[in-house]
Amino acid sequence: MKILVAVKRVLDYNVKARVKTDGSGVDLANQKLSMNPFDEIACEEAVRLKEAGVASEVIAVSCGPAGCQETLRSALAIGADRGVLVETDAVLEPLAVAKLMKHVAQKEGAQMAIFGKQAIDDDAGQAGQMFAGLLGWGQATFASKVSVEGSSVLVTREIDGGLEHLRLKLPVVITTDLRLNEPRFITLPNIMKAKKKPLEVVKAADLDLDLAPRTTTLRVDEPAARKSGIKVADVAELVRRLKEEAKVF
Ligand code: AMP
C-alpha cells in the first residue's frame, strides 16, 4: 500500500506573525518557514505504518512554490521514501490543494492519504475533507490512533466527552490530531540521507485543473493590543475596582 502524506510549508510556529502594512495578508518575507506541525505528525504516522510492514511506500506531497522542496526534504528525513512538489506560485485554497492531491493520488495509485487536521496559517481544516469528497474515499478526521487490519483501517478519534472508534475500508483519508504521535527527532545522518532521496517536480499549470480561488481576503488585522495591567494595594481595592471600573458585579 502506498501512503500519500500532504505536507504544507507554513510560517514556523515559533515565529510571531506580522501583518503586511497594507493589510493584505501575513508578511512572509525573510521569515522562517517550516513544515506544518500536524503534517509532521502525518509523516511520522505514515513512516510508522511502513516500519510496521503495513505500507510499501510513503510519498510526501507539497503544493506551492519551489521553496517547498526544503519542507519535502524534512519529510524525507523523517522517513518518507520520495517527495513530489506540485509547483506553483499562485495562492492555493484548500479546494485547489485537494484537486492537486487527487491528481497525485490517482497517478500513484495510493490507498491511503494522511493530511494534517489543519494548516496553522489558514486554519481552514478543509483540504483533507475536500480530497475525500473529490475521490469518494472514506475519511476519519482528527485521528488520535490508527491501525490497519487487512483492508480495514481502525481509527480512534477524540470527541467531546470520550473516544469514537471507527472502522473504514481502504482507500481512506486520515487527518491527524495532536495526540496521534510524537514525531521523531530528525538526526543529521537522516538529513544527509534525505538529500539523496528522489524528489519529483510537477508544474501545477500543466495539469489542466481549475485552481482559481473562490474567496477574496478583504483585509487582515493585527489582534487588538492588550492593555497593560495594574497592581492593587489590597483585596478591598481589587473588589472596589472590579465593581466600579470593570463592572463585573
Ligand atoms: P487546511 O485545510 O488548509 O487547514 O490544511 C489541512 C491540511 O491539508 C494540512 O495540514 C496539509 O496536510 C494539507 N495541505 C494544505 N495545504 C497544502 C499544500 N499547499 N500542500 C500540501 N498539503 C497541504
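This passage describes a sheet, the helices packed on it and a group of aromatic rings in a predicted model.

The sheet is open and built from nine strands. Their order is β9-β8-β7-β10-β6-β1-β4-β5-β11. The pairing is mixed. Two strands form the edges: β9, residues 162–169, and β11, residues 199–203. Each of these pairs on one side only. On average, neighbouring strands are turned by 30° against each other, with direction ignored. Within the sheet, β7 spans residues 138–149 and β10 spans residues 172–176. These two strands pair in the parallel sense, over four bridges. One residue pairing can be named: A143 has T176 in β10 as its bridge partner.

Helices α2 and α4 both pack on this sheet. Helix α2 touches β4 (57–64), β5 (82–87) and the edge strand β11. The direction of α2 makes about 160° with that of β4. Helix α4, residues 127–135, touches β6 (112–116), β7 and β10. Its direction makes about 175° with that of β10.

Helix α2 also meets another helix. Two packed helices are described by the angle between their axes and the distance between the axes. For α2 (residues 68–78) and α5 (residues 188–196), the angle is about 120° and the axes lie 8 Å apart. The crossing is right-handed. On the α2 side, the contact involves R73, L76 and A77. On the α5 side, N190, I191, A194 and K195 take part. Of the residues in this contact, four are nonpolar, one is polar and two are charged.

The aromatic residues come next. The model holds two aromatic pairs. F115 and F131 form a tilted pair, with 5.1 Å from centre to centre and 45° between the planes. F115 belongs to strand β6 and F131 to helix α4, so this pair ties together parts that are 16 residues apart in sequence. Strand β6 is also one of the strands that α4 touches. F131 pairs with W137 as well: the ring centres are 5.4 Å apart and the planes stand at 80°. Planes over 60 degrees apart count as edge-to-face, so the pair of F131 and W137 is edge-to-face.

Ring pairs thus link F115, F131 and W137 into a cluster. How exposed or buried are these residues? F115 and F131 are both buried. F131 has a relative accessible area of 0%. W137 is buried too, at 14%, because the cut-off for burial is under 20%.

Conventions: Residues numbered from 1 in each chain as written. Predicted model: local features only at pLDDT ≥ 70, side-chain atom pairs only at ≥ 80, totals over all residues. Heavy atoms only, no water. Axes fitted to C-alpha atoms, helices over the stretch in contact; angles between N-to-C directions. Left-handed = near helix turned anticlockwise from the far one by under 90°. Contact = heavy atoms within 4.5 Å. Nonpolar A, V, L, I, M, F, W, Y, C, P; charged D, E, K, R; others polar. Pairing = 2+ DSSP bridges. Phe/Tyr/Trp six-rings, centres within 6.5 Å; stacked < 30°, edge-to-face > 60°. Buried < 20%, exposed > 50% of the residue type's maximum accessible area, 1.4 Å probe, protein only.
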